[in-house]
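Biologist: Could you take one part of this model and go through it closely, and then connect it to what lies around it? I would like the reasoning set out along with the values.

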Amino acid sequence: MTKMRLLLVSLLLLVGGSLSAQTRTLNVGDATINYDVTGKGPTVVFIHGWTHNMSVWDDQVPAFKSRYRVVRYDSRGFGKSTGFADESAEPQDLLLLLEALHVKKAYIVGHSRGGSVALRFASAFPNRVAGLVLYGAFPQGYPAPPEVGQLFGSLPTVAKQNGLDSVGKLVLGVVGWVPAGRTDVTDRYRRLWVAYSGKDLLDPHPESGRTRVPQIAELGNLKIPTLVIVGDHEVPFIAAVADTLATHIPGAKKVVIPNAGHGAHFAQPASFNSALMDFFYDVERNRKK
């Protein structure tokens with residue numbers, strides 16, 4: 001790390017960030033990131049998806065903290081973090097957080113929108129990634145079905161004209177998010193929605209362009225141990241993206257979680273955690289060879 005970057009991190013911590021257990025915040029310049037650190041060992045970072053916050057990983061912390069140092073945070077503009085949502089800025093937020101925590105390499109686990117952030121981070125800073133877990137990530141250039149683009153493109157207007165409740169009904173009504181009969185999973189989604197501010201829809205800002213999403217053709221350059229996770233009830237086009245990632249990233253492994261949709265980490269936490277743990281063990285075993 002350059003002397004200038006070290007100075008920047010130090011200044012940011014003095015101005016408004018803190019590594020103390022009381023505040024758990026880091027000032028990254030144009031946002032303050034709320035985060036949590038638990039346990040000791042190799043570092044695992046969990047990045048949540050759109051509308052969520054770091055509490056979505058509550059089922060992962062107890063499972064990993066005895067062996068790993070678990071880091072989770074609210075992405076800028078979500079949860080208790082400030083600033084405007086900017087997927088392209090988040091890899092640099094994560095880099096500053098790792099540097100502030102003196103972490104040279106970490107396992108990076110990203111869900112949905114957070115998976116795309118993880119993919120950007122791994123592409124921009126591959127030397128900081130011990131292993132990559134992509135769960136609903138999108139490479140640049142993958143065509144989403146027209147109806148999906150129309151749905152998500154309409155959400156800011158729906159939010160402003162009809163309120164976030166209407167947006168929630170549209171989004172949570174998508175077939176594949178939740179396996180049939182899993183009212184507990186639906187309730188979890190609804191609780192997360194209640195905590196969602198909707199700021200990115202009600203007051204959207206364009207991305208700053210600080211980091212880019214790799215193109216599909218560039219995935220072959222990603223020389224990082226990678227696990228691709230997908231639920232067996234996932235929306236078909238997201239499942240197809242998982243196949244693309246597993247095919248194009250060299251040596252990538254794909255795991256399908258039974259009886260899970262887009263929220264496998266809380267629909268089937270035991271299976272999800274086991275898949276991650278096996279992957280981490282494999283990476284560590286291969287590193288020792």
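Modeller: In this predicted model, Gln60 has a relative accessibility of 0% and therefore counts as buried, the cut-off being under 20%. The residue is found in the loop between strand S3 and helix H2, which covers 61–64. Leaving aside residues up to four places away in sequence, Gln60 touches Phe46, His265, Pro269, Phe272 and Asn273.

The residue before it in the numbering makes a link of another kind. The side chains of Asp59 and Arg188 meet in a salt bridge, with 3.2 Å from N to O. Asp59 lies in the loop between S3 and H2 and Arg188 in helix H7 (residues 183–195), so this pair ties together parts of the chain that are 129 residues apart in sequence. Asp59, with a relative accessible area of 29%, is partly exposed, whereas Arg188, at 15% relative accessibility, counts as buried.

From that loop one can turn to strand S3 itself, residues 43–47, which runs parallel to strand S5 and is joined to it by five bridges. Within this pairing, Val45 stands opposite Ile108 in S5. S5 also pairs with strand S6 (residues 129–135), again in the parallel sense, over six bridges, and here Val109 stands opposite Val133 in S6. Together with helix H4, which spans residues 113–124, S5 and S6 make a right-handed β-α-β unit.

How enclosed is S5? Six of the six residues of this strand, 106–111, are buried, so S5 is largely enclosed by the rest of the structure. In a regular strand the side chains alternate between the two faces of the sheet. In S5, Ala106, Ile108 and Gly110 point one way, while Tyr107, Val109 and His111 point the other way, and all of them are buried.

Salt bridges also involve other loops of the chain, and by the rule used here their count comes to 18. One of them joins Asp30 to Arg76, the closest N and O atoms being 2.8 Å apart. This pair links distant parts of the chain, 46 residues apart, with Asp30 in the loop between strand S1 (25–27) and strand S2 (32–38) and Arg76 in the loop between strand S4 (69–73) and helix H3 (90–100). Arg76 is buried, with a relative accessible area of 2%, whereas Asp30, at 40% relative accessibility, counts as partly exposed.

Asp30 also forms a salt bridge with Arg210, and in that pair the closest N and O atoms are 2.5 Å apart. Because Asp30 lies in the loop between S1 and S2 and Arg210 in the loop between helix H8 (199–202) and strand S7 (226–231), the pair ties together parts that are 180 residues apart in sequence. Arg210, at 33% relative accessibility, counts as partly exposed.

Finally, there is a group of charged residues to consider beside these pairs: Glu87, Glu90, Arg113, Arg120 and Glu207 are linked in a network of salt bridges.

Key. Residues numbered from 1 in each chain as written. Predicted model: local features only at pLDDT ≥ 70, side-chain atom pairs only at ≥ 80, totals over all residues. Heavy atoms only, no water. Buried < 20%, exposed > 50% of the residue type's maximum accessible area, 1.4 Å probe, protein only. Helix = DSSP H or I, 4+ residues; strand = E, 2+ residues; numbered from the N terminus. Pairing = 2+ DSSP bridges. Right-handed = clockwise from strand over helix to strand, strands pointing away. Contact = heavy atoms within 4.5 Å. Salt bridge = Lys/Arg side-chain N within 4 Å of Asp/Glu carboxyl O.
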